[in-house]
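Trainee: I should like to learn how a protein model is read, step by step. May we begin with the model itself?

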Amino acid sequence: MTPNSFSDDAATLEQRPPIAPLRRRNLKDDVASHIREMVFAASLRPGMRVDQDEIAATLGISKLPVREALIVLEAEGLIVTYPSRGAFVAALSPEDFHDSYHAVGSISAIAAARAATKISDVQLVELRRLYEALEHDGDIDHSPSSIHHEFHRLVHQVGGSRRLNRVLRSLTNAIPERLHFHSRGSTMEVLAEHRELLEALEARDADRAAAATLSHFVNGAQHAVDLLAARGFWNEQTPPEGAAR
Ligand SMILES: [Zn+2]
């Protein structure tokens, strides 16, 4: 799953402003992704100050898109800012991650349930083709063109509404998706989760499709939390310097 798998018509409408603001928005999103990666790689840990000058210098950009990215990340709950002290990585707990994954899984389950009642035979053939490619590939990556991404995008395209996909897109940004599968001890386990969703859709069983989707995310949360633990993410969390608690 990646945020792009939730793209919808509304996003196309949003892309109509003139070129310059579009570039600006993409830059802001790129910077936000960069900072998320730093956090989920545990090179910026909870409670640590975000050095805006250093990020701007590293990326060879001005501070403005960095500030704009931090506003996005604050809305996601990943960053907290204090007017006189700057931006810090939020104090995060494993429960925060479980909640975020659960929230995404719950919304995604609504789309999967609807997909079970709407999916066409042709779309089912395509979904099975994607699943078999996933099975053959063995390694699930996260690029926007990846098979895994396409699998979920198809389900969301069939079952998601514009509103649902918009909510999913914003919720998904708050979870470390790249950890979702890299952290899995067993590829077979992850494959089985996708197979269960596929078979539920083939059986046009809405409840089973919803349950398969939710457990896919709930299991993903635990693995993400475990991997972050291995990276030392949860160690030595200190409240942001001088923060009022
Ligand atoms: Zn998946």
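The questions and answers below concern this predicted model.

Trainee: How many helices and strands does the protein chain have?

Mentor: From the N terminus on, the elements run α-α-β-α-α-β-β-α-α-α-α-α-α-α. In that order, each α stands for a helix and each β for a strand. The count for the protein chain is 11 helices and three strands.

Trainee: What percentage of the residues of the protein chain count as buried?

Mentor: A residue is called buried when its relative accessible area is under 20%. The protein chain has 245 residues to which this test applies. The share that counts as buried is 43%.

Trainee: Among contacts between residues at least 6 apart in sequence, what percentage join residues at least 24 apart?

Mentor: The contacts considered here are those in the protein chain between residues at least 6 apart in sequence. Of these, the part that joins residues at least 24 apart is 78%.

Trainee: Which residues are the protein donors of the zinc ion?

Mentor: Each donor atom is an NE2 atom, and the donors lie 1.9 to 2.2 Å from the zinc ion. In sequence, the donor residues follow the spacing H-x3-H-x41-H-x21-H. The residues are His148, His152, His194 and His216.

Trainee: Why is the arrangement of the four donor atoms around the zinc ion called irregular?

Mentor: For four donors to count as tetrahedral, all angles must lie between 85 and 135 degrees. The donor atoms around the zinc ion subtend angles that reach from 94 to 146°. The arrangement is therefore irregular, the angles being 94 to 146°.

Trainee: How many residues apart in sequence are the parts that His194 and His216 tie together?

Mentor: His194 belongs to helix α10 (residues 187-202), whereas His216 belongs to helix α11 (residues 206-230). His194 is buried at a relative accessible area of 0%, and His216 is buried at 3%. Because the two residues lie in these two helices, the pair ties together parts whose separation in sequence is 22 residues.

Trainee: How many residues apart in helix α6 are Arg129 and Glu126?

Mentor: The side chains of Arg129 and Glu126 form a salt bridge, with 3.0 Å from N to O. Arg129 is partly exposed at 46% relative accessibility, and Glu126 is partly exposed at 31%. Helix α6 covers residues 121-137, and the two residues are separated by about one helical turn because their spacing is three residues.

Trainee: Which residues are linked with Arg128 in a network of salt bridges?

Mentor: Glu132 and Arg128 meet through their side chains in a salt bridge of 3.4 Å, N to O. These two residues are four residues apart in helix α6, which means a separation of about one helical turn. Glu132 is partly exposed, with a relative accessible area of 41%, and Arg128 is partly exposed, with 28%. The residues linked with Arg128 in the network are Glu132 and Glu202.

Trainee: How far apart are the closest N and O atoms of Arg208 and Glu199?

Mentor: Arg208 is partly exposed at 28% relative accessibility, and Glu199 is partly exposed at 29%. The salt bridge between Arg208 and Glu199 is one of 10 in the structure. Its closest N and O atoms are separated by 3.5 Å.

Trainee: Is the aromatic pair of Phe40 and Phe97 stacked or edge-to-face?

Mentor: A pair of aromatic rings is described by the distance of the centres and the angle of the planes. For Phe40 and Phe97, the centres are 6.0 Å apart and the planes make an angle of 70°. Planes over 60 degrees apart are given a name of their own, and the name for this pair is edge-to-face.

Trainee: Which residues do ring pairs link into a cluster?

Mentor: Phe40 lies in helix α2 (residues 19-40) and Phe97 in helix α5 (residues 94-118), 57 residues apart. Both residues are buried. The cluster consists of Phe40, Phe97, Phe233 and Trp234.

Trainee: Which residues of helix α3 are buried?

Mentor: Helix α3 covers residues 52-59. Seen down the axis, its buried residues fall within an arc of 100°, so they line one face of the helix. On the other side, Ala57 and Thr58 are exposed. The buried residues are Gln52, Ile55 and Ala56.

Key. Residues are numbered from 1 along each chain as its sequence is written. This is a predicted model: local features need pLDDT of at least 70, side-chain atom pairs count only at pLDDT 80 or more; totals for chains, interfaces and linings use all residues. Side-chain values use heavy atoms; hydrogens and water are left out. A salt bridge is a side-chain nitrogen of Lys or Arg within 4 Å of a carboxyl oxygen of Asp or Glu. Buried means under 20% relative accessible area, exposed over 50%, partly exposed in between (1.4 Å probe, protein chains only). Donors are N, O and S atoms within 2.8 Å of the metal (3.2 Å for Na, K and Ca); water is not among the atoms, so sites may look incomplete. Four donors count as tetrahedral if all angles lie between 85 and 135 degrees; four count as square planar and six as octahedral if opposite donors are over 155 degrees apart and all others between 65 and 115; anything else is irregular. Rings of Phe, Tyr and Trp (its six-membered ring) pair if their centres lie within 6.5 Å; planes under 30 degrees apart count as stacked, over 60 as edge-to-face and the rest as tilted. The arc is that of the directions from the helix axis to the C-beta atoms. Contact means heavy atoms within 4.5 Å.
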